[in-house]
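Okay, thanks for coming, everyone. Let me put the model up on the screen, and then we'll walk through it together.

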2 protein chains.
Amino acid sequence: MTKLSMSRRRFLQSTGAAAIWLPTTVKGYTASEIQALYVDGEMQEDVSKWELDTPCLCVDLDLLESNIAAMESTVNQNGIASRPHAKTHKTPVIAQMQLDSGSVGICTAKISEAEAMYQNGIDEILMTTTNVTPTKIRRAMNLRQENPRFVQATDSSQNARLLSEAASAMGITADVVVDVDPGGHRTGITPGAPALELAQLIDSLPSLNLRGLLCYDGGSQHVKGFEERKNQTLERLAGATDTFDLFNQSGLSTEIFSGGGTGTYNIDHETRGLTDVQVGSYVFMDAQYIDIGGETDKDVYSDFAASLTILTTVLNDQYEGRVTTDAGAKACTINRPWARVKGETGMSYTSGSDEFGTLRYEDNASRSYRVGEKLELIVSHCDPVVNLYNQMYAIRNDRVEAVWQIAARGMSA
Amino acid sequence: MTKLSMSRRRFLQSTGAAAIWLPTTVKGYTASEIQALYVDGEMQEDVSKWELDTPCLCVDLDLLESNIAAMESTVNQNGIASRPHAKTHKTPVIAQMQLDSGSVGICTAKISEAEAMYQNGIDEILMTTTNVTPTKIRRAMNLRQENPRFVQATDSSQNARLLSEAASAMGITADVVVDVDPGGHRTGITPGAPALELAQLIDSLPSLNLRGLLCYDGGSQHVKGFEERKNQTLERLAGATDTFDLFNQSGLSTEIFSGGGTGTYNIDHETRGLTDVQVGSYVFMDAQYIDIGGETDKDVYSDFAASLTILTTVLNDQYEGRVTTDAGAKACTINRPWARVKGETGMSYTSGSDEFGTLRYEDNASRSYRVGEKLELIVSHCDPVVNLYNQMYAIRNDRVEAVWQIAARGMSA
């Protein structure tokens, strides 16, 4: 696991500019103060996370590294690989850590995310959403021209023809996988004969190169109870396995058969032919995942640790049984269950107000807070929370080790 | 109303750099394409909003201007002023339009928002939240030193003493207002004697200058039914009026008595002494406000028009009764009621999925959509939606007139 126990220097250098990127307005510090923290790419001063201005996003490096190591260990034991989804972290430094740990590539949900990752040194990219407009197809082909390791999904014959025409016009060949619908009807083509027909079309088109298939069963990831989750997702992936068999029988590539997520990472390998899991949330975890229960711990999903937190400051303590903080919906989202105060019991946090959070005490609250004091929140749903922040603070033993640019923040196009 | 019927040149020049800011990654265009659109600060090409890559945020200029004009007209008739809240739009160009129309200043919720506004040419700023940490107090005093028109809220004697000490240390005097709690207990000091005591302390401190009070009754803004809303907010503002009287009787300044919002803008003037309304959402409107009903139209709050929309593209139309789009929670938030398809009936949109929206047709749907087609959404809750985007497209007659930087996006600290 030497790859994961990166030194501070390793972190700072791992993706070049992104790691030592110096924002002009890091929260809590002026540009000149932040500049003063770095000499030759190394942070010089010993800054406690509790000194950071709030609200801000923090990731605990020990927990992040142990999550990445645990995932690699499990998928290796299960004979598959990880292809982590960068839609969760949107952060090139973390993508590089995942690749360094053994992941076969990363996924992105949008072309703008793929561009941001590539611009920051990540090249093994599978885009899991179909590009349907002329603008996005052009962007995808531009990226493919620059980066031969870019693979994109397609889910209709009409789209496959457009992709092939665009690739032909640029004199390139584009790698594609067939997106197969697990039954949620959100994206993907119907498994079985329709998917086979599309794959055969792709195989016949002059400028496309079929690499396999993907089937993301998003609807099963948060099913409560390990057995219930296992039964549901294996049933829903059966169509994809049939499709995998049809591809093989027709001599079509099944080099990639990607699917699954953090909720089913230790289940998906039972799907025949599956090569890798598109796990995202495991790096950070959140209250939504903690509540689904795990294989060993039925009530709490404890396979991975909650590494991502929001720091917030108490603004008002004048009223009985509650305090107001500076982290509301714009800092936490309004996802449920609500964020939780890390390390404390007997209190509940809500972020329904745009600008302010509310912390209410129950009779058995483990402590209370005064104005100006800070508390740390385990986030509700990590993906949209990360998407609110321009940077995250990388923390080890409560000290700031680096400031990471969330380079694909807001890249929803 | 000549101030509001700005020419295209006027828009582009109104706040200098912010208006003609050229992002390197405007969605749908490469940096070189965007550069080609502008010559000497004027957009040269005739770009339809329907050509923009999606998801993207658009504001209709005719509707935005009419909303600003309507607000000014009403508050002028009612003998008060507007002090619009920039937490809604986070966009210096719109703040400047509001000031040009007659607003007495703008509000900000956070110090980072105030800094972003000041850096982009806006100086008449009332920060409505108390700065409680040494870092934020230092930032507030730095801003006050540069910008004599910056006023900040305080809601405790402890905080007032800290503000005065910080101002003294910098050799300046800081202008403050007392934040009075309307009963929601979120922020503010209890009205009446406690608020008076705080005001008297401020008046006695060496480096603070009392300018008045504010009382924001956020909990009443979305009460359904005009009469219900009116009764509730006037009742809840009564304590602030008592406080206003106490200040006057004690010879303390009530130059500023700020309160109210978009839901109560035509009610708040009945509160004796109130000088201005901190209206935010009226510039954009959203599904949440449309549903509360107005004074004349009981069912639909139609005083202002929905100027803010999200453009989204259909990605998948393969399944009966529904299509999938590219605007999910990261582009729309998950606020309720959900976003609505502008100009269409008999269909419902949901954005519960992080990356994808779902449009479902009812039996009487006014139309259907195919892959690649775009649709326009009236947003659910404008404030957190704006906070997801780096820029908004300013549209007139469906043509792109400018690209505006949302300079205070993500400024939650």
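So, what is the order of the strands in the open sheet of eight strands in chain A? It goes β4-β11-β10-β9-β8-β7-β6-β5, with parallel pairing. Pairing here needs at least two DSSP bridges between two strands, and helices (H or I, at least four residues) and strands (E, at least two) are DSSP runs numbered from the N terminus. β4 (81-82) and β5 (106-108) of chain A sit at the edges with a single partner strand each, so one side of each has no neighbour in the sheet.

Before I go on, some housekeeping. This is a predicted model, where local features need pLDDT of at least 70, side-chain atom pairs count only at pLDDT 80 or more, and totals for chains, interfaces and linings use all residues. Residues are numbered from 1 along each chain as its sequence is written, while chains are lettered from A and ligands numbered from 1 in the order in which they are written.

Back to the sheet. Strand β9 (residues 208-215) of chain A runs parallel to β10 (residues 256-259) of chain A, and four bridges join them. One bridge partner to look at: Cys215(A) goes with Gly259(A) in β10(A). Helix α10 (residues 226-249) of chain A packs on the sheet, touching β9 and β10 of chain A, and its direction makes about 155° with that of β9(A). For angles, axes are lines fitted to C-alpha atoms, for helices over the stretch in contact, and the values run from 0 to 180 degrees between N-to-C directions.

Zooming out, the domain assignment, which is automatic or from a database, splits chain A into domain 1 (8-60 + 303-405) and domain 2 (62-285). Their C-alpha centres lie 31 Å apart. The contact (C-beta atoms, placed from the backbone, within 7 Å) takes 21 residues from domain 1 of chain A and 22 residues from domain 2 of chain A. On the domain 1 side, α13(A) gives the most, with three residues.

Chain A as a whole has 13 helices and 19 strands.

How far do we trust this? The mean pLDDT of chain A, the predictor's per-residue confidence from 0 to 100, is 91, and 89% of its residues reach 70 or more. The catch is residues 1-28 of chain A, where pLDDT stays under 50. Where pLDDT is low, the coordinates shouldn't be read in detail.

Conventions. Contact = placed C-beta atoms within 7 Å.
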